[in-house]
Amino acid sequence: MHIDFAPPSNGTYNNAGSCRQLANYMEHEDLERMEKGIYTEGFFNLTEDNIYKLAVIKDIDSNIGQLLKTDAKFYAIHVSPSESELRAMGNTEQEKAKAMKRYIREVFIPEYAKNFNKGLSEADIKFYGKIHFDRTRSDNELNMHCHLIVSRKDQSNKKKLSPLTNHKNTKNGVIKGGFDRVNLFQQAEHGFDKLFGYDRQLSESFDYHNTMKNGSISEQLELQNQDFTGEKKTEIFQSSERENNISCNLESKQNKGKSDNQKNKSNINSLLSIFSLGDGNNYHATLANKLQVQKRKKKKQRGISRTKR
């Protein structure tokens with residue numbers, strides 16, 4: 001999950017004036033998709049879908065109470081899931097878009113509100129989102145991401161909220177609260193995994209990439225060792241599964257061989273029985289013939305002895 005806050009500039013992300021230029025940019029993909037006959041996703045907020053662009057511009061531009069001319073009036077945030085994460089969000093573009101809006105509403109915005117440490121909830125954040133499905137400079141198969149316009153002021157137009165402040169959880173002084181971006185990234189990631197049942201590998205976690213980029217050499221080596229150990233465990237498990245399958249196949253073949261041998265022995269025994277029966281019959285017939293021959297010889301001998309008398 002890649003989350004970033006677009007830095008203010010003199011172009012699309014100029015946030016000292018109206019958000020019209022950013023809103024126009026966020027809608028640029030719609031015309032291309034409509035020309036191709038592909039469905040589009042309108043602007044959305046915490047509770048509504050398909051909000052008109054003009055309504056978005058008017059609502060953000062009018063929520064600037066007590067802000068100076070050069071103050072930031074809004075912030076642009078990009079929320080970009082990885083290809084692996086996008087596959088966990090659904091099969092079709094419609095399913096993924098629906099899942100993205102759910103993630104923004106149920107995970108990202110609530111965590112965004114909490115990180116100001118001012119007792120805020122998602123209902124206090126004025127924002128509008130727009131989903132994009134393509135990236136011109138990406139070779140990835142899946143590129144869906146979400147653009148957010150978040151007002152500098154809360155819904156009541158009373159509290160100033162800046163996610164780019166360097167204060168994190170200040171208790172004393174003029175500025176109270178702050179914003180912990182690292183904690184936001186961590187919680188947004190954990191929330192995604194819980195919402196979609198995503199099995200995140202160590203190497204794709206925010207903590208891993210943050211440590212490899214900003215951590216000490218010892219921290220990086222320790223994390224790499226953990227990642228290596230995890231990969232080895234996976235390889236061992238997969239190898240064990242393969243060995244079990246091979247063993248099962250061998251046992252099956254051996255059992256089949258034994259069964260075939262038993263069948264062959266049975267067939268041989270049957271054949272031997274048949275041959276034995278045949279030989280027995282021949283034997284008895286031969287014996288009977290011999291007895292008859294002997295009886296004839298005895299009769300002849302008796303006849304000869306009577307003649308001599």
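Let me begin with Phe108, which, once its neighbours within four places in sequence are set aside, is in contact (heavy atoms within 4.5 Å) with Ile3, Ile77, Val79, Tyr103, Leu148, Leu184 and Ala188. I should say at once that this is a predicted model, in which local features need pLDDT of at least 70 and side-chain atom pairs count only at pLDDT 80 or more, while totals for chains, interfaces and linings use all residues. Residues are numbered from 1 along each chain as its sequence is written, and side-chain values use heavy atoms, with hydrogens and water left out.

Phe108 is also among the residues with the most contacts inside the largest nonpolar core, which has 36 residues. By such a core I mean a set of buried Ala, Val, Leu, Ile, Met, Phe, Trp, Tyr and Cys residues joined through side-chain atoms within 4.5 Å, where buried is under 20% relative accessible area, exposed over 50%, and partly exposed in between, with a 1.4 Å probe and protein chains only. At least two residues of this core come from each of β1 (2–5), β2 (74–80), α5 (93–114), β3 (127–132), β4 (145–151) and α6 (181–196); helices (H or I, at least four residues) and strands (E, at least two) are DSSP runs, numbered from the N terminus. The largest share, 10 residues, is that of α5. Another core, of 15 residues, lies apart from this one and includes Tyr13, Leu22, Phe43 and Ile60.

Turning to β3, six of its six residues are buried, so the strand is largely enclosed by the rest of the structure. Phe127, Gly129 and Ile131 point one way, whereas Tyr128, Lys130 and His132 point the other. The strand pairs with β4 in the antiparallel sense over six bridges, pairing here requiring that DSSP finds at least two bridges, and Phe127 stands opposite Val150 in β4.

In the loop between α5 and β3 we find Lys126, and is this lysine buried or exposed? Lys126 counts as buried, because its relative accessibility is 8%. Its side chain is joined to that of Gln155 by a polar contact of 2.9 Å, that is, a pair of N or O atoms within 3.5 Å, where within protein one must be able to donate a hydrogen and the other to accept it, and residues adjacent in sequence count only if both atoms are side-chain atoms.

Finally, helix α2 (residues 28–35) has Glu29, Asp30 and Arg33 as its buried residues, and these pack against α5 and β3. On the other side of α2, Leu31 and Glu35 are exposed.
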